[in-house]
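The following exercises are to be worked through with the sequence and the coordinates at hand. Each task is followed by a stepwise solution.

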Amino acid sequence: MGEALVALEGVSKRFGGVEALREVSLTLNAAEVHCLAGENGSGKSTLIKIIAGVVTPDQGRIRFAGETLGRLDPKGAIARGIQVIYQDFSLFPSLSVAENLALPTEVGKGKRVFRRRDVRAIAEAALARVGVDLPLETEVGALGVAERQLVAIARALISTPRLLIMDEPTTALTGREIERLFAVVRELRARGLGILFVSHKVREMFAISERISVLRNGRLVAAGAVGEFDEAKLARAMIGEDLAETPYHWTPPRAPEPPRLALEGFSVPGELAPLDLTVARGEIVGVAGLLGGGRTELARALFGFRPHYRGRVAIDGREVRLSSVAAAVAAGIAYVPEDRLTEGLFLSQSIDRNLLAASLRRFRRGPLLDLAAAEAACARMREAMAINTADGRRPVATLSGGNQQRVMIGRWLLREARLLILNGPTVGVDIGSKAGLHRRIRRLAEEGLAVLMISDDLPELVLNCNRVLLLHRGQLIDVLSGAGLSEQTLAERLRALT
Amino acid sequence: MPILRASRGEALAHTRGLALLIVVIFAVMSLLVPDKFLRPYNFISITYVAPELGLLSLAMMVTMMSGGIDLSVIGTANLASILAGLFFHWLGGAHGPALAALGLPVVAAGLGIALLIGLAAGAFNGALITGLGITPILATIGSAQIFTGLALVLTGGPAIAGFPDAWDFLGNGAVGGLAVPLLIFLAYAGLIALLLARTAFGMSLALIGTNRKAAVYAGLAVRRTIFLSYVLSGLLASSAGIILSGRTNAAKSDYGVSYLLQSVLIAVLGGTDPAGGRGSVLGTALALFALMLLASGMQLLRLSNFLVEAMWGAFLLASIALNSWRARR
Amino acid sequence: MKALTQRSESVVALVLLAAMAGIGLLNPAFFSLSNLFSLARSNVVSGIMALGVLTVMISGGIDVSFPAFAVAAMYLTLRLMLALHWSGVIGPFLLATAIGLALGLVNAALVHGLRMIPLIVTLGTGALVRGGLLGLVGTSQINIDRMPPELIRFGSAELVAVKDATGAHIGLSAMILLYLLLAFLVHLFLGHTLLGRGVYAYGDDREAARRAGFSPRRVVFVVYGLAGALAGFAGLLHAAMIWLANPRDFIGLELDVIAAVVLGGASIFGGRGSVLGTMLGVFLLVMISNSLILMHVPTTWQRVVVGLIVIVATALTSWRDRRRLAQGLA
């Protein structure tokens, strides 16, 4: 462990009414891999942005190599040797690989002119360090996701930073690439770099880090050397108290009936291999796998985003043609996307309007809408979903993550959906709300809804699903259920995916 | 009181602000040119002149709410009135008593032609934007050129002068003491307010303009709604053209050029968010009134038209600055 | 080979060549030296302004105020020259450019500082400047008899002069060189300076550009400032070339120039565009108006044709942009 590179003391940050960080103190040292653990919504991103100078804290101090900083901006952070690889890579699709690699360092040096030769040299060296061969003049926009991530990583390493922050770097990588990444990380540490490895994957933390700090709801709840933790303790620190729920138990309906969802040879050329699946009323079927392996693809295809799909789809025994989103919605399929802020909610509009968004047709009386009926229905839904507000006219942006998620689900319940597809249902939801949401989803299933739950959160899947599908490279490779469905097995199977 | 408002408190504050603005302008102008400004004639003439601009502003509001903009409204207005004028001249001669006396059925047919042009122009824009996926700014810049160009081709340049008396009535007549243009504007304003507050179309429009992606995910008929918003805009624009040609008894390919900036200004001042999702008929109407008072006062002060134009520009900047400052608080 | 055909510039160039061939076939007068020289000359002023608009578009913005800025710079400079009996060439051009620059910086301040939508901002500043100019400074045209002679001499300079069959004098304007020089400088800026690449980066992804260390404020100020400066320069150049200064000039020009820039491959969403493409786009548009005259098509049809071209060009680029966006999400 080397000298202290960055020390945060009592850092707090608020965005509007939401407290993103509260009095967080931690130290990042040279020649050490420090893992910042936490679920989504725990404040990890804000912390990274503060260290990178992109966001200024409301309270607290930042010290860099002992010197207290007055104000840090991105250029200053880069100049001090802090490099961040964001989850979205922050690459420029219109610029070439070489330019993407070289630009930030050139900017940091305060250069004016841009010489192609220097840029090439920088780019080639950078790629070599990561052991990757990519055409330098190609526009980054033309590359695939995994390749882009390699460019992002290579770019961050160019300026031989003193501190490297990696935000969920393994999300889109295969097993072999993860191993290569870890090898690079270890080598960098040996050379004296400090590494802040941000993740929520417990196995990886144990594999690569020496110290762990756990964020939950914006607060630092645990910190120490990796040896002080075990997997259970770490998971608990991240999620909160043990979800002492019993696993979800599904009872098949007494009288035989057509399954809520029946897929026969369902496939999307290039994305999803033909699969057969039935989901009965009341089931909560989990969908697990690596990102890009077919989980989201399946959801989007079922929601009408892939009108050119092949195979048969039947809802409650009746065949349907999912030729558009409207067709899917008409068939009773609902989809709550993972990124509810940009893909789901109408932030500036009222809660009630958000609830009503999918059900406008339902409240039509002649050419007009029956506003009184609509408002009453919204009030009932707010109560049923325990959305914490008395006034449905407030903008939905004022709600917490958990309540916003309830609005999203409530929207589809108002539409009387029959199959609810949830993608990352508790991402960015605080712990108290999480348990409540799970309970509600289970109750909805018991009352007759069929649920497809896509998630990265293994305990969530294990506790709430009666079956879990494992998708990889667009193929359904296994279904885990009963005794075969445990966190251990699921984790092992996921790790084995390459 | 429309329920299910986007954000009640904010809208109320904005309306109050506009009302205050009207009072301020009224007071200032009364002080500066009391004898001329406070005459009833002044206000009556506003009720004849303002409505055409009001309709164009409503058109701008509707398309802005969907997240786009319609820069071709002037072209549509002129093209509509020119075609009606040509129709009348074809039937009743280029001038003279026969033209003036053209009967109601003929005038109604001319009305139908003009409105149809508006619908067609709107549909054209809608098709470019939702069918070909062209961004609204560029699509309507292009269509504005085409519409104005066609108007130019049809007239060869000079104005089409002379419309039937019945047509003039639309621009200069009065019913029950109220100016016909004003009645037309109020009717449209009421219709659109109803559409926005109480129909699925109106609510979809606001949602689509707020977050188009989320609207798709909510299963809303995004393309159809946006298409219809441009058709509506075309209808409003052609109606504005009808009133304008009725009032001036002429139609020309380059009438009302300054109305474009003014309609954007009125829509924005009235609380419409150019990025989409928010708009208010009441706000637009109040903004229209405020600016008409201001223009009238400025004219009475003998300020040149150019300065008035400059003032519109300054006002536009001031109102967006105000909106943006308020949004950030 | 695929890369070549996919480049927008190639497509525009091909369209241009095809159009030239077509028009030349219809009316061989097109290829006469006098026509070609005149064509080249017509490119200069629009082209210089287009360079500014290009830069703004690459950054993801739009500017419709530049014709007003051009006219203001032109008229103010000339009125000053007349009032002070100031003669010269370099000084006045510097002043005109400075006026344009100052106005452009106002745009930048509003767009960046107040975070307002570029279209509406520039709509407002354009109206403000034009109305202010006509209302406060005057509306009277400055005719050739009052134009400063040095300026006229400068504007009439020719590179090449020949006599045609009838003995009439035909010359290729030397202002072409100015245009080419400015185009080259802008090309160097966009392609070979860090800030220039930063404009592309900013147009691609504002947040990522900020994180990479590019200053959003600098990008915005540079692009709008440049657009204003180029407009100011072009305004005075226009007066020098046609030997009169009419403060009501350039109305409606913004549409044509934007059309040319989009035609040349720039994307209104930002991140795309090149000087070469823009120059080709301007050339194509100028050529269309020129050839419509040659083909005895009444000028009244010009608007319609330009409008159709804008629509076709934007439909094609929209299609291309949407494909790129879809791929980007993969």
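**Exercise 1. Describe the make-up and overall form of chain B in this predicted model.**

Solution.
Step 1. Begin with secondary structure: chain B holds 15 helices and four strands.
Step 2. Take the extents of the C-alpha trace along its principal axes; for chain B these are about 60 × 55 × 35 Å.
Step 3. Compare the radius of gyration with the globule rule. For 329 residues a compact globule would have a value near 20 Å, and chain B has 20 Å, so the two agree.
Step 4. Apply the burial criterion, under which a residue is buried if 20 or more other C-beta atoms lie within 10 Å of its own. In chain B, 57% of the 329 residues count as buried.
Step 5. Consider the contacts of chain B between residues at least 6 apart in sequence: 80% of them join residues at least 24 apart.

**Exercise 2. Which elements and residue classes make up the side of chain B that touches chain A?**

Solution.
Step 1. Count the participants: chain B supplies 24 residues to the contact and chain A supplies 29 residues.
Step 2. Identify the elements of chain B that give two or more residues to this side; they are helix 10 (200–210) and helix 11 (212–217).
Step 3. Helix 10 of chain B provides the largest share, six residues.
Step 4. Sort the residues on this side of chain B by class: 13 are nonpolar, seven polar and four charged.

**Exercise 3. Characterise the side of chain C that touches chain B.**

Solution.
Step 1. In this contact, 38 residues come from chain C and 38 residues from chain B.
Step 2. On the side of chain C, two or more residues each are given by helix 6 (118–137), helix 12 (253–263) and helix 14 (300–329).
Step 3. By class, this side of chain C consists of 24 nonpolar, ten polar and four charged residues.

**Exercise 4. Locate the domains of chain A and analyse its four-stranded open sheet.**

Solution.
Step 1. Chain A comprises domain 1 (4–239) and domain 2 (261–495), with 32 Å between their centres, taken over C-alpha atoms.
Step 2. The open sheet of chain A has the strand order 2-1-4-5, with antiparallel pairing.
Step 3. Strand 2 (18–29) and strand 5 (67–68) of chain A are the edge strands; each has a single partner strand, so one side of each lacks a neighbour in the sheet.
Step 4. Strand 1 (residues 4–15) and strand 4 (residues 59–64) of chain A pair in the antiparallel sense through five bridges.
Step 5. To fix the register, note that A:E9 stands opposite A:R61 in strand 4 of chain A.

Note on methods
Residues are numbered from 1 along each chain as its sequence is written. Chains are lettered from A and ligands numbered from 1 in the order in which they are written. This is a predicted model: local features need pLDDT of at least 70, side-chain atom pairs count only at pLDDT 80 or more; totals for chains, interfaces and linings use all residues. Two residues are in contact if their C-beta atoms, placed from the backbone, lie within 7 Å. Ala, Val, Leu, Ile, Met, Phe, Trp, Tyr, Cys and Pro count as nonpolar, Asp, Glu, Lys and Arg as charged, and the others, Gly among them, as polar. Domain bounds come from an automatic or database domain assignment. Two strands pair if DSSP finds at least two bridges between them. The radius of gyration is taken over C-alpha atoms; the globule rule is 2.2 Å times the number of residues to the power 0.38. A residue is buried if 20 or more other C-beta atoms lie within 10 Å of its own, exposed if 12 or fewer, and partly exposed in between; C-beta atoms are placed from the backbone.
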